Amino acid sequence: MATLYTHQSTNVTKTWFLMAIFLAMVVAIGYFFSYTYNNPGILYFAVIFSVIMNITSYWYSDKISLALTGARPARREEFFDFYTVTENLSIAAGLPMPKLYVINDPAPNAFATGRNKEHAAVAATTGLLQTLNRTELEGVIAHELSHIGNRDTLLMTVVVVLVGFLAILSDIFLRSRMFSGGSRDDNKGGNVLMLVGIILAILSPIIATLIQLAISRKREFLADASGALLTRYPEGLASALQKISSFTRPMQKASTATAHLFISNPLGAGAKSISKFFMTHPPAEERIRALKGI
């Protein structure tokens with residue numbers, strides 16, 4: 001039977017697998033770069049670059065995620081309920097108290113980040129702290145602490161960095177081919193390899209994003225259930241999700257790179273009209289229905 005420790009172990013394994021995919025994709029793109037310009041040094045750079053980015057994504061992805069969302073440290077005197085609710089639930093969950101951050105934004109939302117429970121952080125928008133009552137806030141914080149306990153935060157904050165940089169690298173490759181004819185003589189074999197390189201550059205960020213979306217949707221249901229178990233009151237989180245989903249305007253610093261981190265899609269109502277296959281979060285109605293069925 002699956003346990004909390006099973007999910008922790010699975011997420012660590014997924015993180016290493018994702019890093020391996022990133023390494024392979026960057027090296028493959030680097031190879032086609034080096035072939036195009038007849039410069040082996042580009043391939044060596046690609047290998048070094050991918051290793052450095054893997055290390056960076058593991059150690060600094062939480063700081064990068066917080067910076068991208070404009071989060072600032074939350075002071076206890078200013079956000080007393082935020083602090084006390086998190087303290088109480090951290091004790092109940094057997095987790096160290098995470099660092100708390102606030103995002104100045106009227107859209108109600110929150111996310112957790114950090115490579116492990118000892119280096120975790122929870123960020124909430126001012127809109128969330130002003131909109132929810134204490135019971136609903138407990139539901140949201142319990143959800144985020146569940147992400148920390150399940151080690152979802154390690155997996156998803158690494159995704160922010162790797163997917164983003166893979167997209168940038170692919171874009172550089174495509175733009176370089178647009179403005180340059182390359183240094184190789186035109187031949188059938190070279191053209192085939194170049195076509196493969198272009199296809200790889202196009203598909204790499206798409207494949208990485210699809211992995212990101214699939215993992216994100218699954219982990220939200222798990223965190224909802226774990227959070228409800230922690231508070232022993234699933235109605236609190238269900239009510240919070242109802243309020244959060246009713247706010248249709250996007251966050252001021254909404255980004256596709258960090259959207260999967262949040263408890264609800266920060267891109268607003270427009271994101272809800274796209275295919276369910278490409279959604280970063282399961283529909284709020286399904287999550288609320290699942291919580292009320294607990």
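Two strands pair if DSSP finds at least two bridges between them. With that rule in hand, let us look at some close-ups of this predicted model.

**Figure 1. Strand 1 meets strand 2 at one side of the sheet.** Strand 1 and strand 2 (residues 99–103) run antiparallel to each other and are joined over 2 bridges. Look for Pro-73 here: across from Pro-73, in strand 2, stands Tyr-101. Now follow the sheet onwards: 4 strands make up an open sheet, in the order 1-2-4-3, and their pairing is mixed. Its edges are strand 1 (72–73) and strand 3 (110–114), each of which pairs on one side only. As a general reminder, strands of a sheet pair through backbone hydrogen bonds, in either a parallel or an antiparallel way.

**Figure 2. Strand 4 has strand 2 as a parallel partner and strand 3 as an antiparallel partner.** Strand 2 and strand 4 are paired over 5 bridges in the parallel sense. One place to spot this is Val-102, whose bridge partner in strand 4 is Ala-124. Strand 3 and strand 4 are also paired over 5 bridges, here in the antiparallel sense. In that pairing, Gly-114 has Ala-120 of strand 4 as its bridge partner. Strand 3 and strand 4 together form a hairpin, with 5 residues between them.

**Figure 3. Strand 4 is mostly covered.** How many of the residues of strand 4 are buried? The count is 6 of 6. Ala-120, Val-122 and Ala-124 point one way from the strand, while Ala-121, Ala-123 and Thr-125 point the other way. Two helices belong in this view as well. Helix 3 (residues 80–93) lies across strand 2 and strand 4 (120–125), at about 145 degrees to strand 2. Helix 5 (residues 134–149) lies across strand 3 and strand 4, at about 25 degrees to strand 3.

**Figure 4. Arg-76 and Glu-87 form a salt bridge.** The side chains of these two residues meet with an N to O distance of 2.7 Å. Arg-76 sits in the loop between strand 1 and helix 3, and Glu-87 sits in helix 3, so the pair ties together parts that are 11 residues apart in sequence. Arg-76 is partly exposed because its relative accessibility is 31%. Glu-87 is partly exposed too, with a relative accessible area of 27%. In general, side chains of opposite charge can pair when their charged atoms come close.

**Figure 5. Lys-243 and Glu-136 join distant parts of the chain.** The salt bridge between these side chains has an N to O distance of 2.9 Å. Lys-243 belongs to helix 8 (residues 234–246) and Glu-136 to helix 5, and their positions lie 107 residues apart in the chain. Is Glu-136 buried or exposed? Glu-136 is buried, because its relative accessible area is 4%, under the 20% cut-off. Lys-243, at 31%, is partly exposed.

**Figure 6. Arg-75 and Glu-78 form another of the 8 salt bridges in the structure.** Their closest N and O atoms are 3.2 Å apart. Both residues are partly exposed: Arg-75 has a relative accessibility of 47%, and Glu-78 has a relative accessible area of 40%.

**Figure 7. Ala-225 sits in helix 7 (residues 188–231).** With 37% relative accessibility, Ala-225 counts as partly exposed. Find Ile-294 as well: although Ala-225 and Ile-294 are 69 residues apart along the chain, 8.0 Å separates their C-alpha atoms.

How values were computed:
Residues numbered from 1 in each chain as written. Predicted model: local features only at pLDDT ≥ 70, side-chain atom pairs only at ≥ 80, totals over all residues. Heavy atoms only, no water. Contact = heavy atoms within 4.5 Å. Axes fitted to C-alpha atoms, helices over the stretch in contact; angles between N-to-C directions. Buried < 20%, exposed > 50% of the residue type's maximum accessible area, 1.4 Å probe, protein only. Salt bridge = Lys/Arg side-chain N within 4 Å of Asp/Glu carboxyl O.
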